[in-house]
Each structure stands twice: as C-alpha cells, then as structure tokens.
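Welcome! Please take a moment to look over the chain, and then we will walk through some of its parts together.

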Amino acid sequence: MKFGILLAMLFAALTAITLSVSVYAESADMVTISTLPEKYLDEQETELYRRVLKNVTAIAEGRQSAEAFYIDMPTPFPSKKKYEDAVEKVMFFIRNYTPEYSFWEDSSGYLVYSTTRCGIIYGISPAYQRQSDENRIDPSRFNDVKSALANAKAIADKYIKKSAYEKIIGYADEICALNVYNKAAAADDTYSQKNIDPWKLVYVFDNDPSTNVVCAGYAHAFQYLCGLGGIECHYVTGAVNELHAWNIVALDGESYLVDLTFCDGFPKEDIKKYHPYVLDNVAANAQDGFSTYFPYSGYLSSDMETYKYSDEEMKYLPENLRTLSTKAYHKQGYRFELWHLLLMLFVAVVIVRFIRKKRADRDSDGY
C-alpha cells in the first residue's frame, strides 16, 4: 500500500509539472522585424508598406538615390486624406521596425501624395552622405554597416538554441557589455544633425569602445537581435521625464518592458544578478503609459518611474500590446502554485482509490 501511495504522489507531481510547463511554455512562433508590422496593417497598408520597404532597402544597399521615389498603388485609396494617413502609418513602422535598413535616415525627409501615388523624399545623415552626391550613401560606410550586422548575427547565433528568456537575457548582457551611455550625444541638441549613429544600431555592434549610443541605439540593437532570434520585439518611443526609447517584448500572450538604457546605468554584476527593467513587472498601467517600481534594496532607487507613450505609439500600437504585465515573466518557465498542489492531491486520491478497489476485488475473488 505504501508503495502504491508513493507511486501515486510521484505520478501526480509529474502531472502537475508537465501541465504547468505547458502553461508557461515560451512562444515558438518565429518572427522577423521587417514582417512584424504587417500584423498591424490592413491589406492595402501592407501593400504600401512592402513597396516603401523595397525602396528603403535599395537606398540602404546603395542601389538607389534617396532624393525621391514614387509608390504607385494598384488600387487607389478612396481619398488623398486616406492615403496620407496610410503613408504616415507605414512610415512609422518603417522607422521603428527596420533598423538594419534605416541606419542612414535622418528627419529631413518629407512626403507628397495623390490618391494613387506617393512621393517620398528621404534625408541621409551627413555621416552617411557621399561627398559628390548627398542623396546617396557613401560607399565607404557600407563595410562599416555590414561588419556591424555580421557582429550582431554572431551574437544572435550564440543563443540560437536557447529559450526565449535565455536569449533575451543574453542579448541584454551583450549589448550592455558593448556600450556605455553616450552622454555627449544626449546632451547636444545638434549632434544628430551631424551624425545619427548614436541613435542607431551600428555603433552598438561595431566593436569599437569609443563609439556609443543613446537610448534609441540600445532599443534598436535589442530589437534587431530579437528579430534574429525569432522573438516579437517592438521599438517604442515616449518620455520618462525626458524623451526616451525602449522596447516591448511579447511572450506567451503578455507584454513586458525591456529598457536597456536604464539597465546599463548600474554595475554590470548587478545587471547580471537582477536584470532590472528586463521582463520585470510594472507597478501599474495607465491609458497613455505605465509606472515601474523595482524594490531591489541597495541596488535600485525606490522611486517610481513613469513612462509615457508618444502620440504615435498611442495611435498605431494596439492597447493590449501597450498594456504591460504587472507580474514579472517567470524566468524558469515553471512556477509552483496552489492549484498544482490541489491537482497533485486529486490525482493521488484517484490512484489510491483505484489501488484500494483493485485490492478489494482481489480479496473478494479469494473467498
């Protein structure tokens, strides 16, 4: 009898663990950064997005001038206003979800529309302009970019067989180890007019300790690694007291904050031990943002940080994505809860009753 009860308890424990692992199993769907926006675009917007991205890619690869390109739509939009709204939405996703193609872009471009045609004129950062033609990328910079992207791929490959959680933590560690926050660029309002790199991912992965990034660079770099690792990751802008950029990661139907800029402000040993601001809980959600509070005594400030989304994030990202989990992502993919104990007891009782019945039947057969 004792052996039967022990067997029942062991089976119950295995059942609880198996079910809970399935509940907390990490998402297996592979995603890429450049196709992710299509989840948030309708059919006509998706067609527009693909056509714009094709041109942006050609500019990034030196096959096309950024001076102007025109998008002809096979199906006209119902009005100029509808087309303008669609282009603005598409450009939001191009800017925020194609860091490997928009590394050269500054904010000096503009758009012109009709109901069937859109003209897009991009501005190339002075750091990437060809001397003889400011609307084309300097060929000497292509090798810098290719090398940086290759270095990023090498990092992603190190974690290719890891779980989603292990990838995210690994990416965070790698990026923070490669950079120090670029205070000079952040403090100079005119810096980006000369060199956009501190806001992009190239300076993260160029293996040059003298080149560092601001918040946008951290967020673009992390998003790019997540794309290589098949993790759904969003680049987000807004404010935390001042203009800021961070990431939202979608795992197992929940959204989580990743803010490597804030992580990198602490000693590296503390980051590796606590990983503050990486898949941790938020204290509260609001309509236009959220608040964080990570009470690791002696390591982090106990002050509440309030994040506010930009108007574009409020307009284009769905509310369920912007609503972050108030529970930290469970790091081992498993946690023991009360219902597990109840399940174990239930399964144990069923097995014990079955064993008793079998014994009773055997005893009755013996008479």
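Which residue in E3 is the bridge partner of Ile71? Before answering, please keep in mind that this is a predicted model. The partner you are looking for is Cys118. That bridge belongs to the pairing of strand E1 with strand E3, residues 117-121, which run antiparallel to each other and are joined over 4 bridges.

Stay with E1 for a moment, since this strand, residues 69-72, has an alternating pattern of side chains. Phe69 and Ile71 point to one face and are buried. Tyr70 and Asp72 point to the other face and are not buried. So that you can check this against the cut-off, buried means under 20% relative accessible area.

Now let us step back and take in the whole chain. You will find 14 helices and 12 strands in it. Of its 367 residues, 48% are buried. Its accessible surface comes to about 18700 Å², and carbon and sulfur atoms account for 54% of that. There is also something to say about how the chain meets itself: among contacts between residues at least 6 apart in sequence, 64% join residues at least 24 apart.

One helix to pick out is H5, which covers residues 164-178. From the first C-alpha to the last, this 15-residue helix reaches 21 Å, close to the 21 Å expected at 1.5 Å a residue. Is H5 largely enclosed by the rest of the structure, or largely open? It is largely enclosed, because 12 of its 15 residues are buried. Among the buried ones are Tyr165, Ile168, Ile169, Tyr171 and Ile175, and they also include Lys167, Asp173 and Glu174.

Next, please find strand E6, residues 232-240, where Thr237 has its place. The side chain of Thr237 makes a polar contact with the side chain of Glu313, at 2.8 Å. Setting aside neighbours within four places in sequence, Thr237 is in contact with several residues, including His244, Ala245 and Trp246, as well as Lys308, Tyr309 and Ser310. You can also look from Thr237 to Asn247: they are 10 residues apart in sequence, and their C-alpha atoms are 8.4 Å apart in space.

His234 also lies in strand E6. Its relative accessible area is 0%, so His234 is buried. The side chain of His234 has a polar contact of 2.8 Å with the side chain of Glu232. Not counting residues up to four places away in sequence, His234 touches Leu36, Tyr40, Tyr97, Gln223, Trp246, Asn247, Ile248 and Leu321. Trp246 is a residue to remember here, as it appears among the contacts of Thr237 and among those of His234.

Our last stop is in the loops. Asn241 sits in the loop between E6 and strand E7, residues 242-251. What is the sign of its phi? Asn241 has a positive phi, of about 75°, although it is not a glycine. Asn241 counts as exposed because its relative accessibility is 81%.

Asn207 tells a related story. You will find Asn207 in the loop between helix H8, 202-205, and helix H9, 215-228. Its phi is positive too, at about 60°, and Asn207 is not a glycine. With a relative accessible area of 53%, Asn207 is exposed.

Methods:
Residues are numbered from 1 along each chain as its sequence is written. This is a predicted model: local features need pLDDT of at least 70, side-chain atom pairs count only at pLDDT 80 or more; totals for chains, interfaces and linings use all residues. Side-chain values use heavy atoms; hydrogens and water are left out. Helices (H or I, at least four residues) and strands (E, at least two) are DSSP runs, numbered from the N terminus. Contact means heavy atoms within 4.5 Å. A polar contact is a pair of N or O atoms within 3.5 Å; within protein, one must be able to donate a hydrogen and the other to accept it, and residues adjacent in sequence count only if both atoms are side-chain atoms. Buried means under 20% relative accessible area, exposed over 50%, partly exposed in between (1.4 Å probe, protein chains only). Two strands pair if DSSP finds at least two bridges between them. The expected span of a helix is 1.5 Å times one less than its number of residues. Accessible areas come from the Shrake-Rupley method with a 1.4 Å probe; for residues, only the protein chains shown count as cover.
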